[in-house]
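Hi,

Here is the structure I promised to pass on. Have a look, and my notes on what turned up are underneath.

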Amino acid sequence: MPELPEVEVVRRGLDDWVVGRTVESVQVVDPRSVRRHLEGPTDFSATLTSTRITSAVRRGKFLWMILDGLETPSALVAHLGMSGQLLVEESSATDEKHLKVRLQLSPEAEKPAELRFIDQRIFGGMFLSPLVSTVDHLPGGVGSEIPVIPKAAAHIARDVLDPASTPETLFVALRKRTTQLKRAILDQQVISGVGNIYADEALWAAKLHGLRSTATIRRPDVVRLHTALVDVMDRALAAGGTSFDALYVNVNGASGYFDRSLNAYGREGKACQRCAEAELTSLIRRDPFMGRSSFSCPRCQRKPRP
DNA sequence: CTACGCGCCTGAACGC
DNA sequence: TGCGTTCAGGCGCGTA
């Protein structure tokens, strides 16, 4: 599943292969993938056709391409959801089983002709959204101007890799909430780009339990947590950024990081490596959380008293 | 207003 | 073996 580092790899791929080109035609193969375009698939295709893509931008897991040539300045927003892919391919390439949207791009030497959106589970999608100019009042950018951001992504906070996101802004945002720590860092309006996997990894690295209350969280805890979040994203980006075929903007959302470097997520019943290095034995446990799972070490992530 | 839980989807993995 | 059930996940939205 694509998390923030994978989406950043996709954004860089769009920079290399798509930016500067014009959309010559659009084929919506499955209208469900453009359901967030409220004017419908026909309008989506018609409006997007003949626009020129001038840049590729990301915030959290939202990705968008700024479009030139529309009366209302807008972006083509893409969210990969659980299983989305953006692939740059020659027109002759066989249609993928879950091909949802196909963009034919203006010809350019050495560059394939199509940008394809593929999505098995349809949690993701593409849509057009007008650019809004707004003061960023959200945590991470108090008072700073955001010149252009799609209306559909204007409500989310700065993400983990944004320089404007700091331990202090995270601390302020957390203290404004009355909830549990893991719920809060999964809330895009607190800090964006953190999914279930990296939430567990960062909490483990920071030795914090996800059930800790945000109301009583202390600065040193948040400094460790923010550092851990940045670190886990950086490491995944370093791993993911090198493991992709040049022609693919992304491959299956998979990151080499997942297989080798997870310390908590998915490791139920396995030894906590940090405890093992201290010659202690502690097994990672799994607990139900929001209808899903949380993984943690019962020894180095102390559960708060109820 | 905030906090919380559901529904959207498919297919792999599982149980009877 | 085959068929039904469960699970995974982000995010928008409805409800309390």
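**DNA strand B**

Arg177 has a side-chain N or O atom 3.4 Å from a phosphate oxygen of DNA strand B, a polar contact, meaning a pair of N or O atoms within 3.5 Å (within protein, one must be able to donate a hydrogen and the other to accept it, and residues adjacent in sequence count only if both atoms are side-chain atoms). Before going on, the small print: this is a predicted model, where local features need pLDDT of at least 70 and side-chain atom pairs count only at pLDDT 80 or more, while totals for chains, interfaces and linings use all residues. Residues are numbered from 1 along each chain as its sequence is written, chains are lettered from A and ligands numbered from 1 in the order in which they are written, and side-chain values use heavy atoms, with hydrogens and water left out.

Back to strand B. Thr178 uses a polar backbone atom, 2.7 Å from a phosphate oxygen of DNA strand B, whereas Thr179 has a side-chain N or O atom 3.0 Å from a phosphate oxygen of that strand. Among the residues around DNA strand B are also Arg32, Lys97 and His98 (near means that a heavy atom of the residue lies within 4 Å). Of the strand B atoms that come within 4 Å of the protein, sugar and phosphate make up 69%.

**DNA strand C**

There are 16 residues around DNA strand C, with His79, Met82, Arg121, Tyr265 and Arg292 coming nearest. Here sugar and phosphate account for 50% of the strand C atoms within 4 Å of the protein. Which part of strand C does Arg292 reach with a polar side-chain atom? A base nitrogen, 3.0 Å away. Phosphate oxygens of strand C lie 3.4 Å from a side-chain N or O atom of His155 and 3.0 Å from a backbone N or O atom of Asn196.

**Tyr265 again**

There is one aromatic pair (Phe, Tyr or Trp rings, the six-membered one for Trp, with centres within 6.5 Å; planes under 30 degrees apart are stacked, over 60 edge-to-face, the rest tilted). The rings of Tyr265 and Phe295 have centres 5.2 Å apart and planes at 70°, so the pair is edge-to-face. Tyr265 is partly exposed at 26% relative accessible area, but Phe295 is buried at 8% (buried is under 20%, exposed over 50%, partly exposed in between; 1.4 Å probe, protein chains only).

Cheers
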